[in-house]
Amino acid sequence: MHDSTPPRKVASVTSSAALPFAALLLGNLALAFGPWFVRAADVGPVAAGFWRLTLGVPFLFAIILMSRGNPVQGTRGLWGILLLSGIAFAADLASWHVGILHTTLANSTLFGNSATLMYPIWGFLVARAWPTRQQGLALALAAIGAGLLLGRSYELSPQNLFGDLLCLLAGALYTVYFILMARARAAMAPLPALAWSSLFGTLPLLVSAWALGEQVWPQNWGVLIGLALASQVVGQGLMIYALGHLSPLVVGIALLTQPVVAGTVGWIVYDERLGVPDFVGAALVAVALVLVRRGKSPPGQVASSEAEAKT
C-alpha cells in the first residue's frame, strides 16, 4: 500500500515539528543547570530564589509587550488566585533551593519534578475517579523508585535524605501552584499568568530570606543573572512554546533529560558519584513519568503548561 501523502506536506509537517522539538530540548537543558547556579550563588538559597524571580520578571513582561500582548488581559477577578499562586511558587522555590544544598543535583532535579506525578493524583481526587491501569502502574513505579533513591540517600548521608524530603515538599508545593494556575490559565495566556505569579512571589521570598538570616545582596551578579535567564526566562519560555506544539508523551520523555544533565554536572563538578540503586530508582521514576503522560487524563483535570516546565 503506497503512502498517499504528498511529499511536500510530509516535509512541511517535519519542518513544523523541528523548531518546537529543538525548543523543548534547549528548554530542558537550560532548566537542568538551575540547581548548579543555586549552589554557585554567593547568597543564601532562598535569596537566590528571590533574585531568580526579581531579575526574571522584567524579561517576562518585556517579552509580552514586545509580542504585542496585553499583560492584564483576562486578569479580572483573578488577582487573588495569582497572588496565592505566587506565594505557592515562592514556597516551592524556597524549599527546593534549600534542598538542593543538601542532596545530589540529580536527586534534587528528579524530586523537584515530582509535581508532574502529584498533579494527576489531584485530578483523580477532584474527578472522584480511579486511575487507569497504566497510570496506577506509573504511580507504583514512582513510589518504588523514590523509595530506592531515598534509601540510597540515607545510606550516603542523613543530610542527603533531608535534602530529598525538602525537594519532595517542593514538588507538593508546586502541585498547589499548578492547581491555582490551572484556574488562572482558563482565562489567561500562559506567559502573562507566569509573569504575574512570579512577580507576586518575589516579596515572600525576600521576607523569608531576611527572616532566615541569609545573605541577600550578592557580590557575583553573573551567577544570579544566569539563574534568572536559564530557569525563569529561557527554560520556561522555551518549554511553554514547545508545549503548544508537541504531544505530552514527547514532552514527558524530553523532561527526563533534566536529571541526566544535572547528574552529569554533579558528577563532574562535585564528584557526586551515582550507584546502581540510584540508576535503578531514577529509571523507575523515569518510566513512571512517561507512563503517566500516556494515560488518559481524568475528567475535570485541567492541563497546565507550567506543570511541564518545572524549574
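Let me begin with one residue, S198, which counts as buried because its relative accessibility is 0%, and buried here means under 20% relative accessible area. Please keep in mind throughout that what we are looking at is a predicted model.

Where does S198 sit? You will find S198 in helix α9, which covers residues 190–211. If we leave aside residues up to four places away in sequence, S198 touches L53, V57, L60, F89 and Q232. There is also a pairing of backbone positions to look at, since the C-alpha atoms of S198 and G56 are separated by 8.4 Å, although these two residues are 142 residues apart along the chain.

One of the residues that S198 touches, F89, takes us to the aromatic rings. How many aromatic pairs does the structure hold? The structure holds 14 of them. In the pair made by F89 and Y174, the ring centres are 5.9 Å apart and the planes stand at 50°, so this pair is tilted. F89 belongs to helix α4, residues 79–100, while Y174 belongs to helix α8, residues 158–185, and therefore the pair ties together parts that are 85 residues apart in sequence. Are these two residues buried or exposed? F89 is buried, with a relative accessible area of 0%, and Y174 is buried as well, with a relative accessible area of 0%.

Y174 has a further aromatic partner in F178, and this pair is edge-to-face, with 4.6 Å from centre to centre and 75° between the planes. Because Y174 and F178 are four residues apart in helix α8, they are separated by about one helical turn. F178, too, counts as buried, at 0% relative accessibility. Elsewhere among the aromatic residues, F50, W51, W217 and W221 form one cluster.

Let us now turn to the surface. Here W36, W267, I268, V269, Y270 and F279 make a nonpolar patch of about 590 Å². Which helix gives the largest share of this patch? That is helix α12, residues 257–270, from which four residues of the patch come. W36, for its part, lies in helix α2, which runs over residues 34–40, and W36 counts as partly exposed because its relative accessibility is 32%, a value that falls in between the limits of 20% for buried and 50% for exposed.

I will close with Y270, which is one of the residues in that patch: the charged end of R39 sits over the ring of Y270, at 4.6 Å from the ring centre.

Technical notes: Residues are numbered from 1 along each chain as its sequence is written. This is a predicted model: local features need pLDDT of at least 70, side-chain atom pairs count only at pLDDT 80 or more; totals for chains, interfaces and linings use all residues. Side-chain values use heavy atoms; hydrogens and water are left out. Patches are made of residues with over 30% relative accessible area and no salt bridge: like charges are joined within 9 Å, nonpolar side chains (Val, Leu, Ile, Met, Phe, Trp, Tyr) within 5 Å. Accessible areas come from the Shrake-Rupley method with a 1.4 Å probe; for residues, only the protein chains shown count as cover. A salt bridge is a side-chain nitrogen of Lys or Arg within 4 Å of a carboxyl oxygen of Asp or Glu. Helices (H or I, at least four residues) and strands (E, at least two) are DSSP runs, numbered from the N terminus. Buried means under 20% relative accessible area, exposed over 50%, partly exposed in between (1.4 Å probe, protein chains only). Contact means heavy atoms within 4.5 Å. Rings of Phe, Tyr and Trp (its six-membered ring) pair if their centres lie within 6.5 Å; planes under 30 degrees apart count as stacked, over 60 as edge-to-face and the rest as tilted. A charge sits over a ring if NZ of Lys or CZ of Arg is within 6 Å of the ring centre and within 35 degrees of the ring normal.
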